[in-house]
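Biologist: Got a minute to walk me through this one? I'd like to get my bearings before I head back to the bench.

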Amino acid sequence: MPKFDSIYVTVPLASSYNGSYCSFRSTEINLQLPLTAGEHKITTAWVDVGKLHGKQDAVLQARVTLWYKYNACENTIILCSNDLESKDSMLLTIALKGTPARCVQYTYAEGIRQYLENGNWNTYLDLDTGSQASLYETIKRVNAIIIEAANRLDLNVIELSPLPSKKGFNEFKVVYHKGIFFELYDPGKIYSEDHSIVHIDSVFQGCGSFSWNQPLANVSGSTHDPKPIDPQKAGNTRYSSWMDLWRAYWQNDPPACSSYNLFGFKCTGGLVGGHVYKGFQWGRNYAVVPAGADYVYIIPICRGHNADYHVQMMPFTNQHAIALANYLKK
Ligand SMILES: [Zn+2]
């Protein structure tokens, strides 16, 4: 059970703006995001936030529409990042009060989308580039406030995000066994026909932030044999590319193994992008993964932890991860 029943935030609906064609006044609303299991779509009530110039009674109203999912057994909230272009992306809708005309601004790209019969009124917003920028910054800020609030609670947070465009990331491969995540692709291994080797872009989900005391298990369906060492890639460089992907999101170097010396384990070796599930490591080669675990995480761990399948981990020194889908889409 979550320690909180909801996320409560105060978010902007409009920022103060006075342009050639329209004006907005600074307006805030209170939002409640219930932490009940399943998907949620919230659309807030219309609030008067501004007006069109030169037109009597031409009041502009705004509302926010947002999507999130709460996975109760994993205590995880899943949200869209500002960069994600999706039907679930957060949006700000502007209406001319008393008419069915609407236009929308998403988080992922500046530029108003018009829809419904608009009677040309929102051409004024198009012409008023300052108002567009203001609406764009406002809706991005709403999303950022909610994600910040989720991170402050004792929750795991996943931000659904596009794969970074850096050259090379699209070449990453991941192995699935009968549709369930198996391991990061190892070119030194031979896989059976029950395995699917897929490009990361088909299973990439985004970035994740754990609660610091989230139990993590180093799960592998493999034989746990030591992986063949490529002398060309000796030392710490073997999985460096996965660490590069992690750095591309988190813009820093991890301070140490994420589970540094916890539970009597002595960390050894350099850092690699290890793959973990949320769950407990009980007994030999046996990890208890919550039913319905939707995600596999890449997180910086030492080579010692990465090679040990019997030890419990917690992300004590670093809570940031990359999330991959645990199940292949049919
Ligand atoms: Zn370690």
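Modeller: Sure. Let's begin with helix 2, whose buried residues are Ser 131, Ser 134, Leu 135, Thr 138, Ile 139, Val 142, Asn 143, Ile 146, Ile 147 and Ala 150. Keep in mind that this is a predicted model.

Biologist: OK, and how many residues does helix 2 have?

Modeller: Helix 2 has 24 residues, running from 129 to 152. From its first C-alpha to its last it reaches 35 Å, close to the 34 Å expected at 1.5 Å a residue.

Biologist: What does Leu 79 touch, leaving out residues up to four places away in sequence?

Modeller: Leu 79 touches Tyr 68, Ile 146, Ile 147, Ala 150, Glu 159 and Leu 160. Ile 146, Ile 147 and Ala 150 are also among the buried residues of helix 2.

Biologist: Which residues have the most contacts inside the largest nonpolar core?

Modeller: Leu 79 is one of them, along with Tyr 297 and Leu 324. That core has 74 residues. Its largest share, seven residues, comes from strand 21, which covers residues 295-302.

Biologist: And where does this core lie relative to the domains?

Modeller: It lies between domain 1 (6-159) and domain 2 (163-325), because both give residues to it.

Biologist: Let me zoom out. How many helices and strands are there in the chain?

Modeller: Four helices and 22 strands. Buried residues make up 35% of the 330 residues. If you take the contacts with a separation of 6 or more, 70% of them are between residues 24 or more positions apart.

Biologist: Now the sheets. In what order do strands 13, 14 and 15 come?

Modeller: The order is 14-13-15, in an open sheet with antiparallel pairing. Strand 14 (180-184) and strand 15 (195-199) are at the edges with a single partner strand each, so one side of each has no neighbour in the sheet. On average, neighbouring strands here are turned by 35° against each other, direction ignored.

Biologist: How many bridges does strand 13 make with strand 15?

Modeller: Five, with strand 13 spanning residues 173-177. If you want a spot to click on, Tyr 176 stands opposite Ser 196 in strand 15. Strand 13 is also joined to strand 14, by four bridges. There, Val 174 has Leu 184 as its bridge partner.

Biologist: How many residues sit between strand 13 and strand 14 in the hairpin?

Modeller: Two residues, and Lys 178 in that turn has a positive phi of about 50°.

Biologist: Going on from strand 14, where is Tyr 191 found?

Modeller: Tyr 191 is in the loop between strand 14 and strand 15.

Biologist: Is Tyr 191 exposed or buried, or something in between?

Modeller: Partly exposed, because Tyr 191 has 16 other C-beta atoms within 10 Å. Apart from neighbours within four places in sequence, Tyr 191 is in contact with Val 175 and Ile 197. The C-alpha atoms of Tyr 191 and Val 175 are separated by 8.7 Å, although the two residues are 16 apart along the chain.

Biologist: Back to phi for a second. Which residue in the loop between strand 7 and strand 8 should I look at?

Modeller: Asn 75 is in that loop, with strand 7 at 59-71 and strand 8 at 76-80. Phi of Asn 75 is near 50°, a positive value in a residue other than glycine. Most residues other than glycine have a negative phi.

Biologist: Is Asn 75 buried or exposed?

Modeller: Asn 75 counts as buried, because it has 20 C-beta neighbours inside 10 Å. Phe 263 also has a positive phi, near 55°. Phe 263 lies in the loop between helix 3 (240-250) and strand 18 (271-278). With 11 other C-beta atoms within 10 Å, Phe 263 is exposed.

Biologist: Last one. What does strand 6 pair with?

Modeller: Strand 6 (residues 47-52) runs antiparallel to strand 3 (residues 22-24), joined by three bridges. Ser 23 has Lys 51 in strand 6 as its bridge partner. Strand 6 is joined to strand 7 by four bridges, also antiparallel. In that pair, Gly 50 is matched with Leu 60 in strand 7. Strand 6 and strand 7 form a hairpin with six residues between them, and Gly 54 in the turn has a positive phi of about 75°.

Conventions
Residues are numbered from 1 along each chain as its sequence is written. This is a predicted model: local features need pLDDT of at least 70, side-chain atom pairs count only at pLDDT 80 or more; totals for chains, interfaces and linings use all residues. Two strands pair if DSSP finds at least two bridges between them. Axes are lines fitted to C-alpha atoms, for helices over the stretch in contact, and angles run from 0 to 180 degrees between N-to-C directions. The expected span of a helix is 1.5 Å times one less than its number of residues. A residue is buried if 20 or more other C-beta atoms lie within 10 Å of its own, exposed if 12 or fewer, and partly exposed in between; C-beta atoms are placed from the backbone. Two residues are in contact if their C-beta atoms, placed from the backbone, lie within 7 Å. A nonpolar core is a set of buried Ala, Val, Leu, Ile, Met, Phe, Trp, Tyr and Cys residues joined through C-beta atoms within 7 Å. Domain bounds come from an automatic or database domain assignment.
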